[in-house]
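Please look over the sequence and the model together before reading on, with the bound ligand as the point of reference.

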Amino acid sequence: MPKASQTILEIDLNALDHNYRFITSHLKPSTRILGVVKAGGYGSDAAEIAKELLVLGVDYLAVAYVSEGVALRDAGIMAPVLVLHPQPVNFDQLIDRCLEPAMYSKRVLSAFIAKAEEHAQKNYPVHIKFNSGLNRLGFQKEDTQWIAETLSGTDSVRVKSMFSHLAASEDMAERDFTLGQIAKFKSIASEMKTLLGYEPILHQSNTSAILNYPEAELDMVRTGIGLYGYGNNPEIDKNLRPVVNLKSVISQIHRIESGETVGYNRAFKASGVEVTATIPIGHADGIPRSLGNKKGFVLINGEKAPIIGNVCMDMLMVNITHIDCKEGDEVTIIGEDIPATTLAEAGNTISYELLTAISHRIKRVVCRK
Ligand SMILES: *Cc1c(COP(=O)(O)O)cnc(C)c1O
């Protein structure tokens, strides 16, 4: 890769291939794979990630909202796309673009059947989501009879899959709770199969469940964060490679005399002569303000440069007093040597939040390292 000459987000498709192989090595060959590309592919580029995942052999893609599914279709992606959290207001568009909705409540299923009938659909694929303990989205165990009766009254939709989502699959202290969720979903699923008289695909595992709960594997798994190189566990992360590398440059270097201050609110005050570098990335680009005042750091020529003062909207300042560097040099903010998890911890957040906050103002550059 040429050195960055502005702020860029490199998307390394070879890292994605590597992570995909690592994750699927934990699964039976027959298990279907759903690649989660919501939130712009966890802050990278959903269409680029989706295309590569399809080459790798994923069976399904998932997004959170209809607009994200539409963007995949606009990018020419024809694979099945599960929309995890659709709203009835978007059902016309969802059907026009052949997106497949998760049905999570009586209200939503009734509204979707009405729409599918209006569009003269037959056997339109839908995915029934059950709540097994996350208490976020999904039908209750008590709803099975109602679902089956409602579906038997129409041939406009057909259940392609049934699924549930785990609340704490990364947390071994919650093992009993998670095993309870897995058992609960299995029992709901077997009851639903009997009521329906056919066998939809079953899925429950996210990345951490693939790694921690083989008993939750079922017919398909939904993997997100692991594909992007993070496994909610430092031991797992050793086997994964970050897909995104966030890079920037030194725009300007300042020599600060003792007693001078840096940035808004004069939050950094020099106690001796210090050298600072200004980097063109700020909180509007997704660098949390909580990383200011020496909580976070960047890498310049392999050395740690702490962020000093408050993170501004469009830039931040780092201390380079101890680093041999010059204006125009490359700066690494997230990458192999400075994982999103490290920076996330420093900012009191998680890799998911840090990655998905990377703004679309930053140029995406697809590469293979
Ligand atoms: C986001 C999401 C996933 C992916 O979870 P990871 O921890 O990123 O693997 C799976 N299922 C549902 C319902 C989700 O919302």
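The paragraphs below go from the ligand and its surroundings to the positions annotated in a database record.

This is a predicted model, and the ligand in it occupies the space of the largest pocket. Around the ligand there are 14 residues, of which Lys-38, Tyr-42, Thr-207, Ile-225 and Tyr-352 come nearest. Sorted by class, this shell is made up of five nonpolar, five polar and four charged residues. Two secondary-structure elements, helix α2 (38-43) and strand β9 (220-223), each contribute at least two residues to the shell.

The polar contacts can be followed atom by atom, beginning with the nitrogen atoms of the ligand. A polar side-chain atom of Arg-222 is placed 2.8 Å from a ligand nitrogen, while for His-165 a polar side-chain atom lies 3.5 Å from a nitrogen atom of the ligand. With Ile-225 the backbone is involved, since one of its polar backbone atoms is 2.8 Å from an oxygen atom of the ligand. Taken on its own, the ligand has 390 Å² of accessible area, and the protein covers 93% of it.

Which positions does UniProt mark as "active site"? The unreviewed entry places this feature at Lys-38 and Tyr-264. These residues are spread over 227 residues of sequence and are also spread in space, with up to 34.9 Å between C-alpha atoms. Of the annotated residues, the lining of the largest pocket includes Lys-38. Lys-38 is found in helix α2, and Lys-38 is also among the residues that come nearest to the ligand.

Notes. Residues are numbered from 1 along each chain as its sequence is written. This is a predicted model: local features need pLDDT of at least 70, side-chain atom pairs count only at pLDDT 80 or more; totals for chains, interfaces and linings use all residues. Side-chain values use heavy atoms; hydrogens and water are left out. A residue is near a molecule or strand if one of its heavy atoms lies within 4 Å of it. A polar contact is a pair of N or O atoms within 3.5 Å; within protein, one must be able to donate a hydrogen and the other to accept it, and residues adjacent in sequence count only if both atoms are side-chain atoms. Accessible areas come from the Shrake-Rupley method with a 1.4 Å probe; for residues, only the protein chains shown count as cover. On a 1 Å grid over the protein atoms alone, a cavity is a set of points where a 1.4 Å probe fits but cannot get out, and a pocket is an open set with protein on both sides within 12 Å along at least five of seven lines; lining residues have an atom within 4 Å of a point. A molecule sits in a cavity or pocket if more than half of its atoms lie within 2 Å of its grid points. Helices (H or I, at least four residues) and strands (E, at least two) are DSSP runs, numbered from the N terminus. Ala, Val, Leu, Ile, Met, Phe, Trp, Tyr, Cys and Pro count as nonpolar, Asp, Glu, Lys and Arg as charged, and the others, Gly among them, as polar. UniProt positions are given in the numbering used here, feature names are shortened, and annotations may be inferred rather than shown by experiment.
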